[in-house]
Amino acid sequence: MTTFDYHTARHLMTDGEQDQELERRRQRLHELGLGDRPDPEFDAFAARLAEGAAGLAQLGGTPYAMVNLITDHQYFTGLYAPPADPADPSAADQPGSRPDVSRVMDRDHGYCPHVVGRRTALVLPDVCAYPRFAGNPVVDQIGIRTYMGAPLIDPVTDVTLGTVCVVDTEPRPWGRQAQEGLEFIKSQARSLMEILEERSRDRSAR
């Protein structure tokens, strides 16, 4: 069974490591017509991803979910954020409340750059349990406590375009065993790539 632990984490791409695929990624994203703008189809995909993750971890509510494209920064071309509690208008001002999430994030924030650098899925039920990740800015600035992400690897160019990912502000088990979370997020990445491949065929046929 594939699991993730600190011994794996310490080999991940460091913040200062050069992104060898950056220029090829920019070119491929341009060819696919993707850029720094919201995509309604990917927003809908992110919503389904969040719903599926909630079922996997038996959450009381839904987590955040993203389709993340990475160039000089991270851009969530698909984004789902859990709605505020309509029964409690002041909830957003309370400690521990769910934060607002922008579509843009710095390259050194979060865990998707590590997934892109390693080209492998990453499941962190509690980011604070891993010294390599506990000090990431998203922990203190946004309150992220759990992460699950998988790379989007283009079958035409073999370039990693970004990730699909799920995050939340509380630790989550992501299934009864780590393998369940890994298989879930990898299957979601495959589904998203099928959408991109169909778009690529449509653009080529024009």
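A charge is said to sit over a ring if NZ of Lys or CZ of Arg is within 6 Å of the ring centre and within 35 degrees of the ring normal. In this predicted model, the charged end of R199 sits over the ring of F42, 4.5 Å from its centre.

Residues are numbered from 1 along each chain as its sequence is written, and side-chain values rest on heavy atoms, with hydrogens and water left out. Because the model is predicted, local features need pLDDT of at least 70 and side-chain atom pairs count only at pLDDT 80 or more, whereas totals for chains, interfaces and linings use all residues.

**The sheet and its helices**

Helices (H or I, at least four residues) and strands (E, at least two) are DSSP runs, numbered from the N terminus, and two strands pair if DSSP finds at least two bridges between them. An open sheet of six strands follows the order β3-β2-β1-β6-β5-β4, with antiparallel pairing; its edge strands are β3 and β4 (122–124), each of which pairs on one side only. Strand β1 (residues 64–70) and strand β2 (residues 74–80) run antiparallel and are joined by six bridges, and the bridge partner of I70 in β2 is Q74.

Helix α2 (residues 22–31) packs on the sheet and touches β1 and β6 (160–168), where contact means heavy atoms within 4.5 Å. The direction of α2 makes about 85° with that of β6, while helix α3 (residues 40–57) lies across β1, β2, β5 and β6 and runs at about 70° to β2; axes are lines fitted to C-alpha atoms, for helices over the stretch in contact, and angles run from 0 to 180 degrees between N-to-C directions.

**The aromatic cluster**

Rings of Phe, Tyr and Trp (its six-membered ring) pair if their centres lie within 6.5 Å, with planes under 30 degrees apart counted as stacked, over 60 as edge-to-face and the rest as tilted. A search of the whole structure finds two aromatic pairs, set out here.

| Pair | Centre distance | Plane angle | Geometry |
|---|---|---|---|
| Y111 and F133 | 5.2 Å | 90° | edge-to-face |
| Y111 and Y147 | 5.4 Å | 65° | edge-to-face |

Y111 lies in the loop between β3 (104–105) and α4 (112–118) and F133 in helix α5 (residues 131–134), so their pair ties together parts that are 22 residues apart in sequence. Y147 lies in strand β5 (residues 146–153), so the pair of Y111 and Y147 ties together parts that are 36 residues apart in sequence. Y111, F133 and Y147 form one aromatic cluster.

Buried means under 20% relative accessible area, exposed over 50% and partly exposed in between (1.4 Å probe, protein chains only). Y111 counts as buried at 2% relative accessibility, F133 is buried with a relative accessible area of 1%, and Y147 is buried at 1%.
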